[in-house]
Amino acid sequence: MLAVLYGAAEVPALAVSLANPVLGSEPRLETWQGEAPVVRSRSGSIELAEDGTLLAGSTSRPLGQDVEGATFDLYRELLASTAERGYPGLLRLWNYLPGINRIEAGEELYWHFNAGRARAFAGHYGSEMERRYCASSAVGGRGDELVTYFLAAREEGHHIENPRQVSAWCYPPSYGPVSPTFARATVAPPALGSALFLSGTASIVGHQTRHAGDLLAQLEETLVNIEAVLAAAAPWRPRPDRLEDLDALKVYLRHPEDLSVVQAALERRLPDGKEVLYLEAEICRPDLAIEIEGIAL
C-alpha cells in the first residue's frame, strides 16, 4: 500500500521518492503491503492508501521563505485528513527537511519546522496534544521541499518515552523557542499486531548531546537509548524486544565517510545477515553525527 524509494526519483503505486543517497549499496525500495484490498484516494495535497485497518499517506510542501508556515499547512492538512477518514491514531511520521541545520532569521530551519508542527498539533488536539504525539523522525533531505509520509490506525497506539531522556516537548529553550513534538516510540494497537515504531534515536541523555565529535561513542550511546526505549515498551508488546529484533533498521549518517566504521561496529552487535539501510542525511542537531530508527513487527 506504500512504497518508499531511497536514492532515486521514481516509484510505483502510492509512493515516496527520497533523494538522500543510499550508502554502500544501490537505491532501495521499501514496500508496505495491506492485508485487505487497498483503496487509494487523495485529500488536497495528500496521497492516501488504506486497507480498513491501516492508513498510509505522503505529502510535500515547497519550503520557500516561510518554513514554519509551510510545515503548519502540511501538518494541519495531514491531521485533518487522517481524522476525516477515521484513522485518528498516528503511529509514525517521517520528515525529510532540506537544510535542516541551516540558519535563517537567526534560527535553524529545524526550529522553524518545530514551531509549525507544534502549532498544527495544538490547533487540532488542543490540550490533549501531548498525549497524541507519536513516533517520528526529522532529518535533512534533498531539493527544496519538505517531504512527509506517515502511518495511522483506527485506534490510538501506546506512545513510549525513554527514561534516560527528557521528553522532547519538554526541552529547554536552548534547543529552540518551540520544542519538538514527538514520542520516542509508538506501539501499534493489537489489531495491527502491536508493531513497535522506534523514532529517530541519537546520542542524547537528558536533553543534552553526548560525545560530540566522537562517532563511536555516539553510536554506543544511541544503542543504549534504543535498548531503554525497547524496555519501556515491553508492557505493550507480546515479547521483550532487543536491538537485533528491529526490522527495517535505518541508520542516518551525517558524513558518508563514516560508513565503514559504523558498519563494522554494528555488524559486531547484530546477527549475521541482518539488513541495515544506511542513508546520508543531516541530523537535527549539528553536533550529532548519527541517528538510528527501526520497526519491530
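Is Trp 94 buried or exposed? Let me start there, with the reminder that what we have in front of us is a predicted model. Trp 94 has a relative accessibility of 1%, and because the cut-off for buried is under 20%, it counts as buried.

Its aromatic partner is Tyr 149, which at 0% relative accessibility also counts as buried. The structure holds 11 aromatic pairs, and the one formed by Trp 94 and Tyr 149 is stacked, with 4.6 Å from centre to centre and 10° between the planes. This pair links distant parts of the chain, since Trp 94 belongs to strand β7 and Tyr 149 to strand β11, and the two residues are 55 apart. Elsewhere among the aromatic residues, ring pairs join Tyr 75, Tyr 110, Phe 113, Phe 121, Tyr 125, Tyr 133 and Trp 169 into a cluster.

Let me turn to the sheet that contains β7 and β11. In this open sheet 6 strands follow the order β4-β5-β6-β11-β7-β10, and the pairing is mixed. At the edges we find β4, residues 39-43, and β10, residues 135-139, each of which pairs on one side only. Neighbouring strands here are turned against each other by 15° on average, with direction ignored. Within the sheet, strand β6, residues 54-62, runs antiparallel to strand β11, residues 145-153, and the two are paired over 9 bridges; to give one position, Thr 59 has Thr 148 as its bridge partner in β11. Helix α2, residues 109-125, packs on this sheet, where it touches β7, β10 and β11, and the direction of the helix makes about 160° with that of β7.

There is also an open sheet of 3 strands, in the order β2-β1-β3 and again with mixed pairing. Its edges are β2, residues 15-18, and β3, residues 28-32, and each has a single partner strand, so one side of each is left without a neighbour in the sheet. From one strand to the next the twist averages 15°. Strand β1, residues 2-6, pairs with β3 in the antiparallel sense over 5 bridges, and here Ala 3 has Thr 31 as its bridge partner in β3.

Now to a later part of the chain, where β17, helix α4 and β18 make up a right-handed β-α-β unit. The two strands, of which β17 spans residues 247-253, pair in the parallel sense over 5 bridges, and Leu 249 finds its bridge partner in β18 at Val 276. How enclosed is β18 by the rest of the structure? Of its 5 residues, 276-280, 4 are buried, so the strand is largely enclosed.

The helix of this unit has two faces that are worth describing separately. Buried in α4 are Leu 259, Val 262, Ala 265 and Leu 266, and when one looks down the axis of the helix, its buried residues fall within an arc of 140°, so they line one face. An α-helix has 3.6 residues a turn, so residues three or four places apart point the same way. The cover over the buried residues of α4 includes α3, β17, β18 and β19, whereas the face turned away from the buried side carries the exposed residues Ser 260 and Glu 267.

One residue of β17 brings us back to the opening pair, namely Lys 250, which is placed in that strand. What is the relative accessible area of Lys 250? The value is 2%, and Lys 250 is therefore buried. Leaving aside neighbours within four places in sequence, the contacts of Lys 250 include Trp 94 and Tyr 149, along with Tyr 6, Glu 30, Leu 277 and Glu 291.

I will finish with three loop residues. Ser 194, in the loop between β13 and β14, has a positive phi of about 55° although it is not a glycine, and at 11% relative accessibility it counts as buried. His 211, in the loop between β16 and α3, likewise has a positive phi, near 65°, but at 34% relative accessibility His 211 counts as partly exposed. Ser 174, finally, lies in the loop between β12 and β13 and counts as exposed at 53% relative accessibility. The C-alpha atom of Ser 174 is separated by 16 Å from that of Ala 105, a residue 69 places away along the chain.

Notes. Residues numbered from 1 in each chain as written. Predicted model: local features only at pLDDT ≥ 70, side-chain atom pairs only at ≥ 80, totals over all residues. Heavy atoms only, no water. Buried < 20%, exposed > 50% of the residue type's maximum accessible area, 1.4 Å probe, protein only. Pairing = 2+ DSSP bridges. Right-handed = clockwise from strand over helix to strand, strands pointing away. Axes fitted to C-alpha atoms, helices over the stretch in contact; angles between N-to-C directions. Contact = heavy atoms within 4.5 Å. Arc of directions from axis to C-beta. Phe/Tyr/Trp six-rings, centres within 6.5 Å; stacked < 30°, edge-to-face > 60°.
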